[in-house]
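The following exercises ask the reader to work through one protein chain step by step. Please inspect the sequence and the structure before turning to the solutions.

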Amino acid sequence: MKKDSVVALRAPAQAPNDPLTEVIRQGARQLIHQAVEAEVAALLAQYGTEVDEAGRQQIVRNGYLPERSVQTGVGAISVRVPCASRKCRQH
């Protein structure tokens, strides 16, 4: 005899839309933005001296990647990640 072990999961609750939660979400968004910007700045500083035969920098900041969602303790936060590479397409 087979016993069914499938358990139905509840849908996740929506994040509350009260003013305090919005302040926390905005703070999280700013912290993530600062961390990503610092990482891109470090990458550009590390590879900023690399040039091609024509003397152009090989690694440059070039627009943003598509917006993505990062899961935090107060819910999903949308972030835009800057693109810094040779082949990054500008969005």
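The exercises below treat confidence, a helix, a loop residue, a hairpin and aromatic rings.

This is a predicted model in which local features need pLDDT of at least 70, side-chain atom pairs count only at pLDDT 80 or more, and totals for chains, interfaces and linings use all residues. Residues are numbered from 1 along each chain as its sequence is written, and side-chain values use heavy atoms, with hydrogens and water left out.

**Exercise 1. Assess the confidence of the model.**

Solution. The score is pLDDT, the predictor's confidence in each residue, from 0 to 100. Its mean over the chain is 82, and 85% of the residues reach 70 or more. Next, compare the elements, where helices (H or I, at least four residues) and strands (E, at least two) are DSSP runs numbered from the N terminus. Helix 1 has the highest mean, 90, and strand 4 (residues 82-85) the lowest, 78.

**Exercise 2. Describe helix 1 and its start.**

Solution. Begin with the length: helix 1 spans residues 19-47, 29 residues in total. From first to last C-alpha it reaches 42 Å, close to the expected 42 Å, the expectation being 1.5 Å times one less than the number of residues.

Then list the buried positions (under 20% relative accessible area; exposed is over 50%, partly exposed in between; 1.4 Å probe, protein chains only). They are T21, R25, A28, E37 and V40. T21 counts as buried because its relative accessibility is 12%.

Finally, examine D18. One of its side-chain oxygens comes to within 3.2 Å of the backbone nitrogen of L20. The side chains of D18 and T21 also form a polar contact of 2.7 Å. Such a contact is a pair of N or O atoms within 3.5 Å; within protein, one must be able to donate a hydrogen and the other to accept it, and residues adjacent in sequence count only if both atoms are side-chain atoms.

**Exercise 3. Locate I59 and decide whether it is buried or exposed.**

Solution. I59 lies in the loop between helix 1 and strand 1 (60-64). Because its relative accessible area is 13%, I59 is buried. Its C-alpha is 6.4 Å from that of Y47, twelve residues away along the chain.

**Exercise 4. Analyse the pairing of strands 2 and 3.**

Solution. Strands pair if DSSP finds at least two bridges between them. Strand 2 (residues 68-72) and strand 3 (residues 75-79) are antiparallel, with five bridges. A hairpin of two residues connects them, and T72 stands opposite G75.

**Exercise 5. State how many aromatic pairs are found.**

Solution. Ring centres of Phe, Tyr and Trp (its six-membered ring) must lie within 6.5 Å; planes under 30 degrees apart are stacked, over 60 edge-to-face and the rest tilted. The search of the whole structure finds zero pairs.
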